[in-house]
Amino acid sequence: MLALLLGLMTVEATAGEFVGGPYLCNPRMDGMTVGWVADTASAGQVEYGKTEAYGQKAVITLCDRIVQASKAKTERFACRVRLRKLTPGVTYHYKVSGNGMNGERKGQFRIPKRTEPHLTVFQTDDCALTDLDLQFVEKKVGRAADLLVDGGDTIQRGKDYYDFKSQFYPRLPLVMLQSNHEHDWPDKQANLHYFDYENRTEKNLEHVIDYGAVRWIAGPYVRYSDDFSKKQLAWIEEQLKNTDRTWKFYACHHIFFSDGYHCALRWGTKFGEGVLRRQSAWPLFIKYNMPIAFNGHDHVYQRTFPIDKDGNKTPKGTINLDLAIGGSVRRRESPWMARFYGRGKDKATHVTGVTYLYLDGDKGKAEFHTRPKKNATLKDFKLADRFTFSPTRFNTDAMTIEPRNEQ
């Protein structure tokens, strides 16, 4: 009896504890990855099914030790389970528990059909999505969001990566772009350990996701003033060319066109950021009728007109949309820029914001709304930018500047 009691005490003492999650990543039309962060390696498993009776079980397929700040007192592990042979349009319930894990966490998700409207929300840099932001967007559009695209650098130096404590993580799949702050960490591919990438290139984590009506091209990581390699450009063109999706968008962390801080001459380089990359990649975007390239990095919301590789406004061009709003300042004024928003000079009146993309059939809409950085309510959101488009052309609101208060 004593031996049995001691054995039970040992099991209880070594059971894994949830640190964060669950969260969803690597969304596909027939699969989804469920991840969570624990203080013990390879603890937990996933039960899932079309009801809360579940009926199916999946075990851990990936588990990585997370690199943390130097003062961290406990270890963290990213555990991930891949769910396969799923069906679009079905709501799946899941539970993470058992297999050495203490307690349980539940969630649910739904893979959108190709013919359905599609709602994407964004976060990047110091403009992380909040539960309030998502509540506002979903109430305004009148439907649940399908995807969260993270432009990178939602961490800063010395802080742990994600806590996955927001309420939306268990139901909203996350697409992550590699960015420069991962490279400030001891492990230069830190985000790889939280996420599950399929069909990615080995070094730069380039990957493509076909989800609902959209092909998302998560572009290669290219640092600061560097240009794409020939191999990277060939990969980008392949993803733009060979798809039957109604919509296709390109997203990467580093900017192409900017009036902000990162477009100024810096780091001792000859060029401002994006000068080389836009000359090589932008013609591909226009050739394959890609309407928007999404970026982060410059810590401001800035949206160009539809433009060519030289910044000339043209209805056959592509829009460059920088998704953040933060502490960066405007360093230049360019004829290509339709909208520019910083945080504001007065800390007492700092604002942040949320950007979303809504697609319905052959109609597309992008909106950006600001809100106070602190103590915001649903009534505080204000429309700051909006434009509409189809898969092959822009409407007049993308070609003009509406009278809004730029900051």
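Student: Let's start with Phe-294. Leaving out residues up to four places away in sequence, which residues does Phe-294 touch?

Tutor: Phe-294 touches Phe-122, Trp-216, Phe-249, Tyr-250, Ala-251, Cys-252, Leu-321, Leu-323 and Leu-357. Keep in mind that this is a predicted model. Phe-294 itself lies in strand β15, and at 1% relative accessibility it counts as buried.

Student: How far apart are Phe-294 and Phe-249, in sequence and in space?

Tutor: They sit 45 residues apart along the sequence, while their C-alpha atoms are 7.7 Å apart.

Student: Before we go further, how should I read the confidence of the model? What is the mean pLDDT of the protein chain?

Tutor: The general idea first: where pLDDT is low, the predicted coordinates should not be read in detail. Here, the chain has a mean pLDDT of 87, with 87% of its residues at 70 or more. Residues 4-13 are a stretch to leave alone: their pLDDT is below 50, and beyond near neighbours in sequence they make zero contacts in the model.

Student: Okay, and the overall layout? How many helices and strands does the protein chain have?

Tutor: Four helices and 21 strands. Of the 407 residues in the chain, 57% are buried. Look at the contacts too: among those with a separation of 6 or more, 69% are between residues 24 or more positions apart. On the outside, the chain exposes about 17900 Å², and carbon and sulfur atoms supply 51% of that.

Student: Back to the rings, then. How many aromatic pairs does a search of the whole structure find?

Tutor: It finds 27. Take Trp-247 and Phe-249: their ring centres are 6.2 Å apart and their planes meet at 10°, so this pair is stacked. As a rule, a pair of aromatic rings is described by the distance of the centres and the angle of the planes.

Student: Are those two rings buried or exposed?

Tutor: Trp-247 counts as buried, at 1% relative accessibility, and Phe-249 counts as buried at 0%. Phe-249 also pairs with our Phe-294, this time edge-to-face, with 5.8 Å between centres and 65° between planes. That pair links distant parts of the chain, with Phe-249 in strand β14 (residues 247-251) and Phe-294 in strand β15 (residues 292-295).

Student: Which residues do the ring pairs link into a cluster?

Tutor: Phe-122, Trp-216, Trp-247, Phe-249, Phe-294, Phe-387, Phe-389 and Phe-394. Rings have charged company as well. Arg-278 lies over the face of Phe-257, 4.5 Å from the ring centre, and Lys-313 lies over the face of Phe-305, at 4.3 Å.

Student: Speaking of charges, how many salt bridges does the whole structure have?

Tutor: The search finds 23. Look at Glu-75 and Arg-65, whose closest N and O atoms are 3.0 Å apart. Arg-65 is in strand β5 and Glu-75 is in the loop between β5 (62-65) and β6 (77-84), ten residues away. Glu-75 is partly exposed, with a relative accessible area of 41%.

Student: What about Arg-277 and Glu-273: buried or exposed?

Tutor: Both are buried. Their salt bridge has its closest N and O atoms 3.6 Å apart. Another one to check is Asp-385 with Arg-339, at 3.9 Å from N to O. That bridge connects strand β21 (residues 382-389), which holds Asp-385, to strand β18 (residues 337-341), which holds Arg-339, across 46 residues of sequence. Asp-385 is buried, with a relative accessible area of 2%, and Arg-339 counts as buried, also at 2%.

Student: Which residues are linked in a network of salt bridges?

Tutor: Lys-140, Lys-365, Glu-367, Arg-386 and Asp-397.

Student: One last feature. How do I read a helix, say α2? Which of its residues are buried?

Tutor: In general, an α-helix has 3.6 residues a turn, so residues three or four places apart point the same way. In α2 (residues 131-141), the buried ones are Asp-133, Leu-134, Phe-136, Val-137, Glu-138 and Val-141.

Student: And which strands do the buried residues of α2 pack against?

Tutor: They pack against β9 (118-123), β19 (351-360) and β20 (363-372). Just after α2 comes Gly-142, with a positive phi near 90°.

Methods:
Residues numbered from 1 in each chain as written. Predicted model: local features only at pLDDT ≥ 70, side-chain atom pairs only at ≥ 80, totals over all residues. Heavy atoms only, no water. Phe/Tyr/Trp six-rings, centres within 6.5 Å; stacked < 30°, edge-to-face > 60°. Buried < 20%, exposed > 50% of the residue type's maximum accessible area, 1.4 Å probe, protein only. Helix = DSSP H or I, 4+ residues; strand = E, 2+ residues; numbered from the N terminus. Lys NZ or Arg CZ within 6 Å of the ring centre and 35° of its normal. pLDDT = per-residue confidence, 0-100. Contact = heavy atoms within 4.5 Å. Salt bridge = Lys/Arg side-chain N within 4 Å of Asp/Glu carboxyl O. Areas by Shrake-Rupley, 256 points an atom, 1.4 Å probe, with all protein chains shown as cover.
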